[in-house]
Amino acid sequence: MQNNKSLEFLSLAKEENNYLGKLILQKMSVEDYMNDSEDSHPAVYVGTYSKYNDGMLFGMWVDLVKCGDYDTFMEVCHNLHADEEDPELMYQDFECFPEAWYSESGIDEDTFDKIMEFAALDEDDREAYEEFVDAFSEDSIDKFKERFMGKWDSEEAFAEHIIDECYDLIGIMGHLASYFDYKAYARDLFIEDYYFTEGYVFRRY
């Protein structure tokens, strides 16, 4: 929720007769939620359709992580445009979250929560998640976590890992272990059970 300083600026904005001054005060009331691109946080540029149709691009990059929850996000967006009685919010641009979740006309609570889950992933896992979505047309973060097997140099490198983790090859094959065909084993693994893309390995099911 907004602090006392933010509420003070918003109160002043409501009293301000000069329209430009009102907008400046409104923006100051929510500046704690302004996005810093260096943070790599999911963010949207929030304007309104009314201002856009009047040729005005007034708005702000709102940092979803700084908002923390959907109710605060909506409060920040409406306070930014408190000069309008019932602002029709327009999300004019976005960054640092999958395009499939972006809509110019709105972000619902379920989508906001997905974006927050995505933001909690580290940078490598975000890249892996986007590859997962492209490969399986599935956007569940939980399923991604269940099926993501890490990043590997090749299918064969992953096959070697499976053998090392699950089998005592020398105990089973003795001196013949050096002749084990990892390439063929990898081919069998990735036909049915695993999927490899851009270095990332996922279980198919």
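# A guided tour from Cys96 to the hairpin

Begin by selecting Cys96, which is placed in the loop between strand E3 (89-95) and helix H6 (109-120). The model on display is a predicted one. Cys96 has a phi near 65°, a positive value in a residue other than glycine. Is Cys96 buried or exposed, or does it fall in between? Its relative accessibility is 33%, so Cys96 counts as partly exposed, given that this class lies between the limits of 20% and 50%.

**The whole chain**

Next, zoom out and display the entire chain. Colouring by secondary structure should bring out 11 helices and 6 strands. Align the view with the principal axes: the C-alpha atoms fill a box of roughly 90 × 30 × 25 Å. The radius of gyration is 25 Å, whereas a compact globule of 205 residues would have one near 17 Å.

Now show the surface. The accessible surface of the chain comes to about 12000 Å², and carbon and sulfur atoms hold 45% of that area. Of the 205 residues, 39% are buried. Among contacts with a separation of 6 or more, 59% link residues that are 24 or more positions apart.

Then colour the charged side chains. There are 51 negative and 16 positive side chains in the chain. How far apart do the centres of the two sets lie? The distance between these centres is 1 Å.

**Thr48 in strand E1**

Move on to Thr48, found in strand E1, which covers residues 43-48. Thr48 counts as buried because its relative accessibility is 1%, and the cut-off for that class is under 20%. Which residues does Thr48 touch, leaving aside those up to four places away in sequence? Select His81, Glu84, Pro87, Glu88, Leu89 and Met90 to display these contacts.

**The E5-E6 hairpin**

For the last stop, select strand E5 (residues 194-197) together with strand E6 (residues 200-203). The two strands run antiparallel and are joined by 4 bridges. Within this pair, Tyr195 stands opposite Phe202 of E6. As a rule, side chains in a regular strand alternate between the two faces of the sheet.

E5 and E6 form a hairpin, with 2 residues between them. Centre the view on Glu198, located in the loop between E5 and E6. What is notable about the phi of Glu198? Its value is near 50°, which is positive although the residue is not glycine. Glu198 is classed as exposed because its relative accessible area is 59%, the requirement being over 50%.

Note on methods: Residues are numbered from 1 along each chain as its sequence is written. This is a predicted model: local features need pLDDT of at least 70, side-chain atom pairs count only at pLDDT 80 or more; totals for chains, interfaces and linings use all residues. Side-chain values use heavy atoms; hydrogens and water are left out. The radius of gyration is taken over C-alpha atoms; the globule rule is 2.2 Å times the number of residues to the power 0.38. Buried means under 20% relative accessible area, exposed over 50%, partly exposed in between (1.4 Å probe, protein chains only). Contact means heavy atoms within 4.5 Å. Accessible areas come from the Shrake-Rupley method with a 1.4 Å probe; for residues, only the protein chains shown count as cover. Lys and Arg count as positive and Asp and Glu as negative; His and the chain ends are not counted. The place of a charge is taken as NZ of Lys, CZ of Arg, CG of Asp or CD of Glu. Two strands pair if DSSP finds at least two bridges between them.
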